[in-house]
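The following exercises are to be worked through with the sequence and the structure at hand. Each task is followed by a solution in steps.

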Amino acid sequence: MTGFIIGLICFALISLILCIHFTKKVQWQKNYRQQQNIVLYQQQLGTKPDSALAKEFAERLLLDEQQSESALTIKSTVGFSKKLSIGLWAILVIIPLTYYFSLNRFDAAQDGQKAFAEKQTQLATVSAEDKNMDYVISIQNRLRKDPNNVQDWVELGQAYMLSNDYQHAIVAYSNAEKIEGSKPYILGLAATTLYYQAGQKITPQVQEIINLALTEDPKEASSLSLLASDAFIKNDFKTALDYWQRLLDTEQSSVDRREIIKNMNMARMLENSKTQRSGVNE
């Protein structure tokens with residue numbers, strides 16, 4: 001639509017410039033006669049007439065020039081009056097516009113733009129849950145081709161966690177454990193799922209799974225992150241800082257160090273505020 005408007009403006013300006021140009025008067029007859037008189041005068045002088053005759057030739061040329069100046073200027077056959085030029089310009093602009101808008105192309109273009117805008121809005125408002133469901137389906141399709149792929153089962157469990165579908169996440173982690181065994185990272189993920197399923201509480205079952213995971217691998221990231229988050233929620237900021245520090249010390253590439261440092265800074269600030277309040281109360 002913007003391109004159409006710009007094109008229309010350019011067309012109107014070009015038409016207006018051409019019409020203004022054609023309104024200028026071209027004194028072609030005067031110019032032609034003047035040139036012929038000068039050529040004739042030069043030819044007459046070439047015959048080397050006497051002074052009286054040369055004077056007569058000059059007077060004739062001057063008289064003819066004066067008569068030409070006083071005569072009405074004859075317009076060029078391509079010249080137009082201003083009113084005619086404006087009328088021509090209006091015809092050049094209005095008729096094509098009238099024809100264009102009489103067709104359904106303009107309405108079709110507007111409908112197309114409207115449909116495109118609606119589609120973009122629809123795509124932008126698609127919920128994260130809908131997007132995650134597509135993600136879940138894609139993993140499920142991969143597992144149908146290779147049901148013994150441990151990483152796909154783990155990824156499926158994480159995808160279910162994003163949708164808070166804890167029951168299906170536990171099933172996915174259980175399938176991964178059946179294939180690969182009780183690996184610490186699988187136990188850590190399963191403990192995290194059970195923790196959130198229990199309403200963010202470390203139940204005896206969760207604690208037992210965490211202990212097993214950390215016994216086999218003291219640097220198991222999911223278990224350490226879970227214990228740090230739980231301590232923070234309980235306002236046990238010192239314990240949270242200890243677990244987050246242990247998590248940083250693992251130097252694992254999967255650990256979001258920036259996020260952990262931000263959490264640690266928040267925990268220190270809250271711990272300092274808590275200490276200050278305790279000092280005032282005492």
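**Exercise 1: An aromatic cluster**

Ring pairs link Phe232, Phe237 and Trp244 into a cluster. The model is a predicted one.

Task: Determine how the rings of phenylalanine 232 and phenylalanine 237 are arranged, and classify both residues by accessibility.

Solution.
Step 1. The structure holds 3 aromatic pairs. In the pair of phenylalanine 232 and phenylalanine 237, the ring centres are 5.5 Å apart, and the planes stand at 70 degrees.
Step 2. Planes over 60 degrees apart count as edge-to-face, so this pair is edge-to-face.
Step 3. Phenylalanine 232 has a relative accessible area of 23% and is therefore partly exposed. Phenylalanine 237, at 6%, counts as buried because the limit for buried is under 20%.

**Exercise 2: The nonpolar cores**

Task: Which residues touch the most other members of the largest nonpolar core, and which helices each supply at least two residues of this core?

Solution.
Step 1. The largest nonpolar core has 26 residues, and those that touch the most other members are Val206, Ile210, Trp244, Leu247 and Ile260.
Step 2. Helices α9 (184-197), α10 (204-216), α11 (221-233), α12 (237-249) and α13 (257-281) each supply at least two residues of this core.
Step 3. Consider tryptophan 244 more closely. Leaving aside residues up to four places away in sequence, tryptophan 244 touches Ala228, Phe232, Ile260, Asn263, Met264 and Ala267.
Step 4. There is also a second, separate core of 18 residues, which includes Val150, Leu156, Ala159 and Tyr160.
Step 5. As background, nonpolar side chains in soluble globular proteins tend to be buried together.

**Exercise 3: Two tyrosines side by side in sequence**

Task: Are tyrosine 195 and tyrosine 196 buried, partly exposed or exposed, and how are their rings arranged?

Solution.
Step 1. Tyrosine 195 has a relative accessible area of 1% and is buried. Tyrosine 196, at 32%, counts as partly exposed.
Step 2. Their ring centres are 5.2 Å apart with planes at 85 degrees, so the pair is edge-to-face.
Step 3. Tyrosine 196 lies in helix α9. With residues up to four places away in sequence set aside, tyrosine 196 touches Met161 and Tyr166.
Step 4. Tyrosine 166 is 30 residues apart from tyrosine 196 along the chain, yet their C-alpha atoms are separated by 7.7 Å.

**Exercise 4: Salt bridges**

Task: Describe the salt bridges of aspartate 152, aspartate 230 and glutamate 259, stating where the partners lie in sequence or how accessible they are.

Solution.
Step 1. Side chains of opposite charge can pair when their charged atoms come close. The count for this structure is 4 salt bridges.
Step 2. Aspartate 152 pairs with arginine 142, with 2.9 Å between the closest N and O atoms. Aspartate 152 belongs to helix α7 (residues 150-162) and arginine 142 to helix α6 (residues 128-145), so the pair ties together parts that are 10 residues apart in sequence.
Step 3. Aspartate 152 is buried at 9% relative accessibility, whereas arginine 142 is partly exposed at 34%. Arg142 and Asp152 are linked with Glu155 in a network of salt bridges.
Step 4. Aspartate 230 forms a salt bridge with lysine 234, the closest N and O atoms being 3.0 Å apart. Aspartate 230 is buried at 5% relative accessibility, and lysine 234 is exposed at 56%.
Step 5. Glutamate 259 forms a salt bridge with lysine 262, at 3.4 Å between the closest N and O atoms. Because these two residues are 3 residues apart in helix α13, about one helical turn separates them.

Definitions and conventions: Residues are numbered from 1 along each chain as its sequence is written. This is a predicted model: local features need pLDDT of at least 70, side-chain atom pairs count only at pLDDT 80 or more; totals for chains, interfaces and linings use all residues. Side-chain values use heavy atoms; hydrogens and water are left out. A nonpolar core is a set of buried Ala, Val, Leu, Ile, Met, Phe, Trp, Tyr and Cys residues joined through side-chain atoms within 4.5 Å. Buried means under 20% relative accessible area, exposed over 50%, partly exposed in between (1.4 Å probe, protein chains only). Helices (H or I, at least four residues) and strands (E, at least two) are DSSP runs, numbered from the N terminus. Contact means heavy atoms within 4.5 Å. A salt bridge is a side-chain nitrogen of Lys or Arg within 4 Å of a carboxyl oxygen of Asp or Glu. Rings of Phe, Tyr and Trp (its six-membered ring) pair if their centres lie within 6.5 Å; planes under 30 degrees apart count as stacked, over 60 as edge-to-face and the rest as tilted.
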